[in-house]
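Hi,

Here is the structure I promised to pass on. Have a look, and my notes follow below.

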Amino acid sequence: MKAFRVLRGSLVAGVAVVVLGVSGCASADTAAVVNGQRITEQEAQEASRQILAAQPDSGITTANAVASLIMAGFINTVADGAGKGLSDSAARQAVAAIEDPSPATLELVRASLAFNQMTSEEQGRAVDLASKAKITINPRYGKFDPKKISFDASSPNWIKAEPSAAPQG
C-alpha cells in the first residue's frame, strides 16, 4: 500500500508537471509514443484501473497514467544507472494487493519507488532525458506547455455548456 501513496504523491502528481511533448498519435489505440516506443490506451487504462482498485484514494486517471508511463522510462533509466532501480519482482512485492499486475502497472510502481530514492540531481537527469526525447501524446490525454514545463489534462473541445434559458412566465 505504501507504493500506492508514493505513486499518488510523487509520481502521479510530481511527474505530471515534468517535460512531455504533444501532437496527435498515428494509431487510434495509441496514448503516446516515446522515442518510437508506443504506449497503448489499453496499457494506460489497465494500469490506472489496477492502481485505483487497490488504492481507491490514489485519484489516478488514465491521463495521469499516460503522463506517468511517459516519465517512468526516463526515471527507471536514471535509477538503474544510479543503482537505485527495482526489479519487476520487487515491484510485485510492493503491490502484493494486485493479484496479477500488468507490465505497465509494474513500470509505474518501479518508477514511483525509484523516484523517491533519487537525489534531486538524478531526478533532474530524468527530466533532462525527457526534454530531449521525441514524445508524441494523443491529445485526448492532455497537452504540454514546454515554456511552463507543465502537463494539463485534456478538456474535450466538443463538450460545450448550453446557455441557460431565461425563465418564462
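Are α3 and α5 oblique or parallel to each other? They are oblique, a word for angles outside the classes roughly parallel (under 35 degrees), roughly antiparallel (over 145) and roughly perpendicular (65 to 115). Helix α3 (residues 62–81) packs against helix α5 (residues 103–117) at about 55°, and their axes are 8 Å apart. Ala65, Leu69, Ala72 and Ile75 are among the α3 residues in this contact (heavy atoms within 4.5 Å), and the α5 side includes Leu108, Ala111 and Phe115.

Before you go further: this is a predicted model, where local features need pLDDT of at least 70, side-chain atom pairs count only at pLDDT 80 or more, and totals for chains, interfaces and linings use all residues. Residues are numbered from 1 along each chain as its sequence is written, and side-chain values use heavy atoms, with hydrogens and water left out.

α3 also packs with α6, at an angle of about 135° and with the axes 9 Å apart; this pair is therefore oblique too. Phe74, Ile75 and Val78 of α3 take part, as do Ala126, Val127 and Leu129 of α6.

The largest nonpolar core has 31 residues (a core being buried Ala, Val, Leu, Ile, Met, Phe, Trp, Tyr and Cys residues joined through side-chain atoms within 4.5 Å, with buried meaning under 20% relative accessible area for a 1.4 Å probe, protein chains only). Its largest share, eleven residues, comes from α3. Ile75 and Leu108 are among the residues with the most contacts inside this core.

Best wishes

Technical notes. Axes are lines fitted to C-alpha atoms, for helices over the stretch in contact, and angles run from 0 to 180 degrees between N-to-C directions. Helices (H or I, at least four residues) and strands (E, at least two) are DSSP runs, numbered from the N terminus. Buried means under 20% relative accessible area, exposed over 50%, partly exposed in between (1.4 Å probe, protein chains only).
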